[in-house]
Amino acid sequence: TRAVTKTRLVNRKKNSHNYQVQFWPKAVRRLVPLAQVFFRRHWHHALRIRERLRFSEEAFHLMLAGGVGIIGGLVNLGLHVSFEFVQILALGQGGDLAGLAELLHRWQRLLTPALGGLVAGAVLYWGLRVVGPQGSSHLLEVVVAGNGRLPFRTAIIKSISSVISIATGGSIGREGAIVQLTATLASQWGQLAKWQPYRLRLLVACGAASGIAAAYNAPVAGAVFAAQIVLGNFSMNLFAPLVFSSVIATMVSRSFFGIRSWYQVPSFDFTRVTELPWFVLLGILSGLLGAGFLKMLRYSEERFNLLSIPIFARLALGGLIVGAISVIYPEVWGNGYSVTNRVLREELALEFLIGVFFAKLLATLATVGSGAVGGVFTPTLFLGAALGSAFVVVLHQTGLAQGLPTATFALVGMGSVLAATTHSPLLAMIMVFEISLNYSLMPPLMIACVVSALVARRLHQESVYTEPLRLETLAAERESLQMGAAMQKTVGDLMREPVPPIRETATFREIADRFLTSPNNFLPVVDESQRLVGIVALQDLKEYLNAGQELSGVIAYDVMRPPPACLTPNQRLLDTLPVLLASEQRNVPVINSKKGQRLVGSIARAEVLGLFSEALASGGNQKP
């Protein structure tokens, strides 16, 4: 049967070719044999060139990351213009919010944040009702336990609300809206292209990276943020797109806003080991502050949620609290960027530092707890700068650390408090370095960040980003969240493009050239309908290597194996374990159904087994 089938396939191919050739001109027919000889001799070179020019998945992901970076830079510009526009409408002029608040009458400071909160809450209340129920808009949730799909209309409504809250004095950061909107647009791009969930998750992470990079002019911190906080993975095939996206977003933003350091700190030659203990102590204080800040955020949200009033009333109440605080301390308006710069550059009185520290803390708790949309990155930096500055003033007044400038402790305080709230000392070190461009303070900064993260993790298990997941009862720890998510994912969530198949009539030379120009040890064989009819293994070609002219008659049908055990897109990963363990292939084929047998994708065996091993490891480390 095999011989008859082979003969029919070969004859059908030859007859079709001869039928077409007989109508060619004589000159062309004479050149055909010469061309055949030439291409037979150089066919493998052409295949190698084609394989090198073929767009790999890694290169495709870099191209997508570049597109997301452009989106991040443009989103940063668009939201900046929106903030200025709303601020001019509400206050009559743009510029620094804290500086404008000082010029207003006390009754204006009191009412402006309250009215802004009322409008921002109304946008959330009615806007979310109009768009209707949609999926989760939390970045970590859609990446760790979801399919990478972020709802677009929800993101637009929340971005408008965030712009209004911040432009009218809300004590919250702008970076939250930039990251959220960029990640959502990246996810929507993937959804419109109908890409697989694994690629959607990567696009969301690229959006987060480009949003942070564009907002802070910090490309390295953006990539580290997305890799460590969003994806929890530093593998090169994921980290490379994050870096590319961050760099593109940074350059797009620099084309509009220029290149400059956010915070100006005088350089200081840190050369004495005896000066390190003061920064260890500052790290301990920062860890206590970070853990306490997270607990207070949770408590504030719980207190506001107990109020049986709509969201616009809660935001108005939160704005009223901010307004009342700003009557005495107008510096609490906005994200605190200008005040932080003032703390870094000037020698301020201890009473003012303590007062503005607690004022900003209460204003941030009221704004975030009431449900306002925004980030806490920049307010956290404000708190850290105030803590570090107050700490060194106390030291100086007691006659200690006289040779250390105030700005040194203020900058280290910014990084250490950030490390305490994110539980990521690496991110905090890189972020503070990039926004200050001051390398001389890296040794004390590194010590303080590590100590603060250890103290904060000991006192509060969740970070500022994983706390919402725990409150939504998705998991007690992120490791267990990843374990449960890995067990519930399907093959379609991780499915990639199939290994380029060969036809059952492919010649032995074509098969050999494919193996020479690709890293795969198995090649799928399909028929005219793209149905999987078998696979060709590299090791099975050895018996034909000593053959002579007979190789010209060998086709894929002669050397292929029967179709292996395949997967289908709707299978749960937990059900695929027997197939993956028994398979010899690096990329296990995925077919549309057991009946249809049409090749639609592949799944990386090592990647899935790695997920299972991580899940088992995290499950074994959980406390009973």
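**Which helices each supply at least two residues of the nonpolar patch?** They are α5 (106-131) and α13 (311-326). Keep in mind that this is a predicted model. The legends below go through the patch and then some other spots, one close-up at a time.

**Close-up 1. A nonpolar patch sits on the surface.** Ten names to find here: W107, L111, L115, L118, V119, L307, I309, L317, L320 and I321 make up the patch. Together they have about 830 Å² of accessible area. Helix α5 gives the largest share, five residues. Try picking out L111, which is found in α5. With a relative accessible area of 39%, L111 is partly exposed.

**Close-up 2. Three strands line up in an open sheet.** Read across the sheet and you get the order β1-β2-β3, with mixed pairing. Why does one side of β1 and of β3 have no neighbour in the sheet? Both β1 (502-503) and β3 (532-537) stand at the edges with a single partner strand each, so one side of each is left free of a sheet neighbour. Now look at how β2 and β3 are joined. Strand β2 (residues 522-526) runs antiparallel to β3, and five bridges connect the two. One pair to look for is L523, which stands opposite V536 in β3.

**Close-up 3. A helix packs on that sheet.** The helix is α23 (residues 508-516), and it touches β1, β2 and β3. Compare directions while you're here: that of α23 makes about 140 degrees with that of β2.

**Close-up 4. T406 is tucked away in helix α17.** The helix covers residues 406-422. Is T406 buried or exposed? T406 counts as buried, because its relative accessibility is 2% and the cut-off for buried is under 20%. So who does T406 meet, once we leave aside its neighbours within four places in sequence? The contacts are E347, S389, V392 and H396.

**Close-up 5. E346 and R342 meet in a salt bridge.** This is one of the six salt bridges that the structure holds. The N to O distance between the two side chains is 3.5 Å. Both partners are partly exposed: E346 has 36% relative accessibility, and R342 has a relative accessible area of 28%.

**Close-up 6. R531 and D527 form a salt bridge too.** Here the side chains meet at 3.5 Å, N to O. Check each partner in turn. R531 is partly exposed, at 34% relative accessible area, while D527 is buried, with 13%.

**Close-up 7. A salt bridge links distant parts of the chain.** In this view E584 pairs with R561, and their closest N and O atoms are 3.5 Å apart. Where do the two residues sit? E584 is in the loop between α25 (573-582) and β4 (587-591), and R561 is in the loop between α24 (556-559) and α25. That puts the partners 23 residues apart. R561 is partly exposed, with a relative accessible area of 22%.

**Close-up 8. Three residues share one salt-bridge network.** Which residues are they? E331, R342 and E346 are joined through salt bridges that share partners. You've already met two of them, since the pair E346 and R342 has its own salt bridge of 3.5 Å (N to O).

Methods. Residues numbered from 1 in each chain as written. Predicted model: local features only at pLDDT ≥ 70, side-chain atom pairs only at ≥ 80, totals over all residues. Heavy atoms only, no water. Pairing = 2+ DSSP bridges. Helix = DSSP H or I, 4+ residues; strand = E, 2+ residues; numbered from the N terminus. Contact = heavy atoms within 4.5 Å. Axes fitted to C-alpha atoms, helices over the stretch in contact; angles between N-to-C directions. Patch = residues over 30% accessible without salt bridge, like charges linked within 9 Å, V, L, I, M, F, W, Y side chains within 5 Å. Areas by Shrake-Rupley, 256 points an atom, 1.4 Å probe, with all protein chains shown as cover. Salt bridge = Lys/Arg side-chain N within 4 Å of Asp/Glu carboxyl O. Buried < 20%, exposed > 50% of the residue type's maximum accessible area, 1.4 Å probe, protein only.
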